[in-house]
Amino acid sequence: MILLELLAGFLEIGLFSFGGGYGAIPLIREVVLSYGWIEEEKLAYIIAVSESTPGPIMVNMATYIGSVKAGVPGAVIATAAVILPAFLIVILLTVLLKKLVEKGAVQSMLGALTSCVIGVILATGVFMILTNCIGSFTEIAVDYTAVILTAVLGTVYFGSKLIWKNGISPILLICIAGVAGVIAYGV
Amino acid sequence: MKLILELFLTFSKIGLFTFGGGYAMLSLIERICVTRKEWITHDEMMRITVIAESTPGPIAINCATYIGYKKKGLPGALAATFGVVLPSFLIILLISFFLDRFLEIKWVASAFRGIKIAVGILIVGAAVRMIRKMKKEPLTIVILSIAASAMMAINIFALRVSTIALMAAAAVAGLIAYLIRCRKGKEEPK
């Protein structure tokens, strides 16, 4: 039953997505691939669409995947499921446990949790870049166009941060990448 | 009822105009809810940010829930949260109906092959930004390195280990580190 799967999968994502925005991407990727909802290729497109539209990335991804898998009911259920844990936790914290997050033990656990999430995000990003460039790890086939595009876009994105404080925005990078893709892969 | 409607409308506006997620939203929420509407104080806003960062889920959702609850209890929380999600929900729903057909056009597919590369870079960029902001202690650096290597191995060898397991292990390590610090008496247990 796809609706139940969406509910379970996105509740899990909502409950364990620490670190905001990109923090949820490794987990979404894992859940989406393990249920076989969407192929890896499509996932990057959905991330780009979610980043280029208003609203939190993980909520947008939930809406999109829910809609593709089970239409409007799927979108509603996936979106509600991904929000529900955060909703309940904030209300619980405001009502009952205001001081809990300030406790030393909790802070220490959160610090460790955050560093773990950062490591996981880093590895996910690096892995995505590598698979773009060499295909899969079992059958290596280097895509030189992708290697060049990665080098150019990486230089533009990180280089712009050296020149002025915030650098170019993610949306601008996505636009540049789209144009570069058309030039490199043809019309 | 009027306040509930106002919460809903205000947060729909916030939801509609914030690209780039979480942190971009915080400044808009602060401007509207603290400065203009005076729904919460600046200190409360800081506290919400801490709570939002320490709880799962998108920061904008956490803020909406907190402010809505504070102003009008559960109905207020529902109205604000529903409001902040609704605009992007409708936009994404619309896109999801035609993206697949859109991708059949050759130049669109080419554009998305380029965009796919940008997404990898953006994710690495997000990690770099978080590393810069992170409190750098031996423990956090070790955990970060282990988590990154473990995740890399999981991806490359397609291991069936969940990131949730990694996070649980990290949380336990954090707790143990805290207990050790307490034992040494560097930090008073609270």
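In this predicted model, A:Ala44, A:Tyr45, A:Ile47, A:Ala48 and A:Glu51 of helix 3 of chain A meet B:Phe112, B:Ile115, B:Lys116, B:Val119 and B:Leu122 of helix 5 of chain B, where two residues count as being in contact if their C-beta atoms, placed from the backbone, lie within 7 Å. Helices are taken here as DSSP runs of H or I with at least four residues, strands as runs of E with at least two, and both are numbered from the N terminus. Helix 3 of chain A (residues 40-52) and helix 5 of chain B pack at an angle of about 75°, and their axes are 9 Å apart; these axes are lines fitted to C-alpha atoms, for helices over the stretch in contact, with angles running from 0 to 180 degrees between N-to-C directions. The angle makes helix 3 of chain A roughly perpendicular to helix 5 of chain B, on a scale in which angles under 35 degrees are roughly parallel, those over 145 roughly antiparallel, those from 65 to 115 roughly perpendicular, and the rest oblique.

Before going further, it helps to know that residues are numbered from 1 along each chain as its sequence is written, and that chains are lettered from A and ligands numbered from 1 in the order in which they are written. Because this is a predicted model, local features need a pLDDT of at least 70 and side-chain atom pairs count only at pLDDT 80 or more, whereas totals for chains, interfaces and linings use all residues.

Helix 5 of chain B (residues 106-133) also packs against helix 6 of chain A (residues 144-163), at an angle of about 45° and with the axes 9 Å apart. That angle makes helix 6 of chain A oblique to helix 5 of chain B. On the side of chain A, this contact is made by A:Ala146, A:Leu149, A:Thr150, A:Leu153, A:Gly154 and A:Tyr157, and on the side of chain B by B:Gly114, B:Ile117, B:Ala118, B:Ile121 and B:Gly125. The crossing of helix 6 of chain A and helix 5 of chain B is right-handed, that is, the near helix is turned clockwise from the far one by less than a right angle, an anticlockwise turn being left-handed.

Taken as a whole, the contact between the chains draws 85 residues from chain B and 91 residues from chain A. On the side of chain B that touches chain A, the elements giving two or more residues are helix 1 (2-17), helix 3, helix 4 (59-102), helix 5, helix 6 and helix 7 (163-184), and the largest share, 22 residues, comes from helix 5 of chain B. For the complex, the predictor gives an ipTM of 0.83 and a pTM of 0.80.

Chain A has 7 helices and 0 strands, and its C-alpha trace spans about 55 × 45 × 35 Å along the principal axes. Of its 187 residues, 52% count as buried, a residue being buried if 20 or more other C-beta atoms, placed from the backbone, lie within 10 Å of its own, exposed if 12 or fewer do, and partly exposed in between. Among the contacts in chain A with a separation of 6 or more, 53% join residues 24 or more positions apart.

Chain B is divided into domain 1 (2-98), domain 2 (103-133) and domain 3 (134-190), with bounds that come from an automatic or database domain assignment. The C-alpha centres of domain 1 and domain 3 of chain B lie 31 Å apart. Chain B averages a pLDDT of 86, and 94% of the residues score at least 70, where pLDDT is the predictor's confidence in each residue, from 0 to 100. Within chain B, confidence is lowest in helix 3 (residues 42-54), at a mean of 75, and highest in helix 6 (residues 138-156), at 93.

Several single residues of chain B fill in the picture. B:Lys71, in helix 4 of chain B, is buried, with 20 other C-beta atoms within 10 Å. Apart from neighbours within four places in sequence, B:Lys71 is in contact with B:Leu3, B:Leu7, B:Trp39 and B:Gly76, and its C-alpha atom is separated by 8.7 Å from that of B:Ile4, 67 residues apart along the chain. B:Glu38, in the loop between helix 2 (22-36) and helix 3 of chain B, has a positive phi of about 50° although it is not a glycine, and with 8 C-beta neighbours inside 10 Å B:Glu38 counts as exposed.
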